[in-house]
Amino acid sequence: MKRLYRCSDNRILGGVCGGIGRYFGIDPTIIRLIVVLLSLGSFGTGILIYIIFCCIIPLDKV
C-alpha cells in the first residue's frame, strides 16, 4: 500500500511538495509552482494548507 510521506532528501521548506511529487510520480517543481500559484491566487490560503500538511504528513524514514 502506497503512503504519503514528507520527503527528507528533496525538501526546500518542509518536504511536503517533494513527498506529494514522489507519491504521484511527478516532478516536485511542478507541485511547488502549483502551491505558489494557489497561494498568490487565494490570498495566502495555499500557505495555510502547506503548513497544515507539514504538521499532518509524517516525515519519511530514510
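Is Phe24 buried or exposed? Phe24 is exposed, with a relative accessible area of 57%. Here buried means under 20% relative accessible area, exposed means over 50%, and partly exposed lies in between (1.4 Å probe, protein chains only). The structure is a predicted model, in which local features need pLDDT of at least 70 and side-chain atom pairs count only at pLDDT 80 or more, while totals for chains, interfaces and linings use all residues. Residues are numbered from 1 along each chain as its sequence is written, and side-chain values use heavy atoms, with hydrogens and water left out.

A search of the whole structure gave one aromatic pair. The ring centres of Tyr23 and Phe24 are 5.0 Å apart and the ring planes stand at 90 degrees, so the pair is edge-to-face. Under the rule used, rings of Phe, Tyr and Trp (its six-membered ring) pair if their centres lie within 6.5 Å; planes under 30 degrees apart count as stacked, over 60 as edge-to-face and the rest as tilted. Tyr23 is partly exposed, at 26% relative accessibility.

Side chains of opposite charge can pair when their charged atoms come close. Two salt bridges were counted, a salt bridge being a side-chain nitrogen of Lys or Arg within 4 Å of a carboxyl oxygen of Asp or Glu. In one of them, the side chains of Arg22 and Asp9 meet with an N to O distance of 2.9 Å. This pair links distant parts of the chain, since Arg22 is in helix α1 (residues 16–24) and Asp9 in the segment before α1, 13 residues apart. Helices (H or I, at least four residues) and strands (E, at least two) are DSSP runs, numbered from the N terminus. Arg22 also forms a salt bridge with Asp60, with the closest N and O atoms 3.1 Å apart. That pair again links distant parts of the chain: Asp60 is in the segment after α3, 38 residues from Arg22. Asp9, Arg22 and Asp60 are thus linked in a network of salt bridges. Within this network, Asp9 is exposed at 61% relative accessible area, Arg22 is partly exposed at 48%, and Asp60 is buried at 12%.

In soluble globular proteins, nonpolar side chains tend to be buried together. The largest nonpolar core in this model consists of six residues: Val16, Cys17, Ile20, Ile31, Tyr50 and Ile57. Such a core is a set of buried Ala, Val, Leu, Ile, Met, Phe, Trp, Tyr and Cys residues joined through side-chain atoms within 4.5 Å. Helix α1 supplies the largest share of the core, three residues.

Leaving aside residues up to four places away in sequence, Tyr50 touches Leu13, Gly14, Gly15, Val16, Cys17 and Val35, where contact means heavy atoms within 4.5 Å. Gly14 is located in the segment before α1 and is buried, at 4% relative accessibility. With the same sequence neighbours left out, the contacts of Gly14 are Arg6, Tyr50 and Cys54. The C-alpha atoms of Gly14 and Gly25 are separated by 19 Å, and the two residues are 11 apart along the chain.

On the surface, Leu38, Leu48, Ile49, Ile52, Phe53 and Ile56 make a nonpolar patch of about 530 Å². Patches are made of residues with over 30% relative accessible area and no salt bridge; like charges are joined within 9 Å, and nonpolar side chains (Val, Leu, Ile, Met, Phe, Trp, Tyr) within 5 Å. Accessible areas come from the Shrake-Rupley method with a 1.4 Å probe, and for residues only the protein chains shown count as cover. Helix α3 (residues 45–56) contributes the largest share of the patch, five residues. Ile49 is in helix α3 and is partly exposed, with a relative accessible area of 33%.
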